[in-house]
Amino acid sequence: MTRFDPAYTSTYYDAYGKRESARWDAGLRSRIQHAIYCHHLQKRVQHGDRVLDAGCGPGTFARYLLELGARVTCLDISPVQLDLCRQCAPGADRYDLGSITDLSRYHDHMFDVTLALGGAISYCFDRVSNAVSELVRVTRPDGLVGLSAMNLFGSLHLNFADVLAVSADDNRRILATGDLPRAVAQGHECHMFRVEELRALLSGAGLKDLQLMAEGWLTPNNQVTAPEVGTDAWKMLLDAELRASEESPGAGSRIIAWGRVPG
């Protein structure tokens, strides 16, 4: 597996800048995916919960967590993304610069809910087991860990034209390892998980009551007319996406996973 390169990841997302927040409003599929994440958070985060948002990016989910009344600690490897988070989600308890692979600044069982949404663990490569173990360590007994990871086959489906532009030998290596190298992806590198690979990683870290589902995949990635949020059409579409995501966790470009720390 590729070695974790924190300096490269930090520099990449510094340069990515505001595009990280803009992508959640880039069409109907992205808005539905954002609504799926918010649905999961609303179900699981209670008012007053201590929440770690690791890999917080520009504060997309931190802002929603604050609206739910949570006490939020934001962590990101990119100084630019962390500054954007301060602007987007003011009022968090802390804004810390650092890697998900080293949460030593936080004591054991410090949080009720620990999050790494948006695919943060996919950048940890050979340190991914350490990252998940750290998430578990800082979560209280019977608390929740929620994360999302890049999904191999769902990503290939979503980016099929880009896949065909890569040589067959490179694609064979990507399929065999799950590692997307920066040389063939315009600088973007990550590890794309298979469903059972991710399940094994999380169960190996001691999490129980695992739930794996897709980020959302029913909605086509084209310029269809979007129903207005809150209408019957929107509610129908979101409900269908949630059901489909549970039935086919490997269908989307990311896998959402939830697990409980043993009590």
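The second largest pocket of this predicted model has a volume of about 440 Å³. Its lining comprises 19 residues, and those closest to the pocket centre are W24, R31, H34, A35 and C38. Four helices each contribute at least two residues to this lining: α3 (28-44), α4 (60-67), α5 (79-88) and α11 (232-247). Helix α3 provides the largest share, with six residues. Sorted by class, the lining of the second largest pocket consists of ten nonpolar, six polar and three charged residues.

Enclosed space is a separate matter. Rolling a probe the size of a water molecule over the atoms shows where empty space is left. Searching the whole structure for cavities of 30 Å³ or more yields one. The largest cavity holds about 30 Å³ of space. Its lining is made up of Y8, T9, Y12, Y123, G187, H188 and E189. By class, the lining of the largest cavity has three nonpolar residues, three polar residues and one charged residue.

Several tyrosines of the cavity lining, Y8, Y12 and Y123, also appear in ring contacts. For Y8, the partner is R182: the charged end of R182 sits over the Y8 ring, at 3.6 Å from the ring centre. Y12 and Y123 belong to a cluster, linked by ring pairs, that also includes Y13 and Y16.

A pair of aromatic rings is described by the distance of the centres and the angle of the planes. The structure contains eight aromatic pairs. Two of them, both involving Y13, are listed here.

| Pair | Centre to centre | Angle between planes | Geometry |
|---|---|---|---|
| Y12 and Y13 | 5.2 Å | 80° | edge-to-face |
| Y13 and Y16 | 5.6 Å | 70° | edge-to-face |

Why is the pair of Y12 and Y13 edge-to-face? The planes of the two rings stand at 80°, and an angle over 60 degrees counts as edge-to-face. Y13 and Y16 also form an edge-to-face pair, with 70° between the planes. Y13 and Y16 lie three residues apart in helix α1 (residues 6-16), so about one helical turn separates them.

Are Y12 and Y13 buried, exposed or partly exposed? The relative accessible area of Y13 is 14%, so Y13 is buried, given that buried means under 20%. Y12 has a relative accessibility of 22% and therefore counts as partly exposed.

Y12 thus has a place in two of the features described: Y12 lines the largest cavity, and Y12 is a member of the ring cluster with Y13, Y16 and Y123.

Terms used
Residues numbered from 1 in each chain as written. Predicted model: local features only at pLDDT ≥ 70, side-chain atom pairs only at ≥ 80, totals over all residues. Heavy atoms only, no water. Phe/Tyr/Trp six-rings, centres within 6.5 Å; stacked < 30°, edge-to-face > 60°. Buried < 20%, exposed > 50% of the residue type's maximum accessible area, 1.4 Å probe, protein only. Lys NZ or Arg CZ within 6 Å of the ring centre and 35° of its normal. 1 Å grid on protein atoms, 1.4 Å probe; cavity = no way out; pocket = protein on both sides within 12 Å on 5 of 7 lines; lining within 4 Å. Points joined across faces, edges and corners; volume = space filled by probe spheres on them. Nonpolar A, V, L, I, M, F, W, Y, C, P; charged D, E, K, R; others polar.
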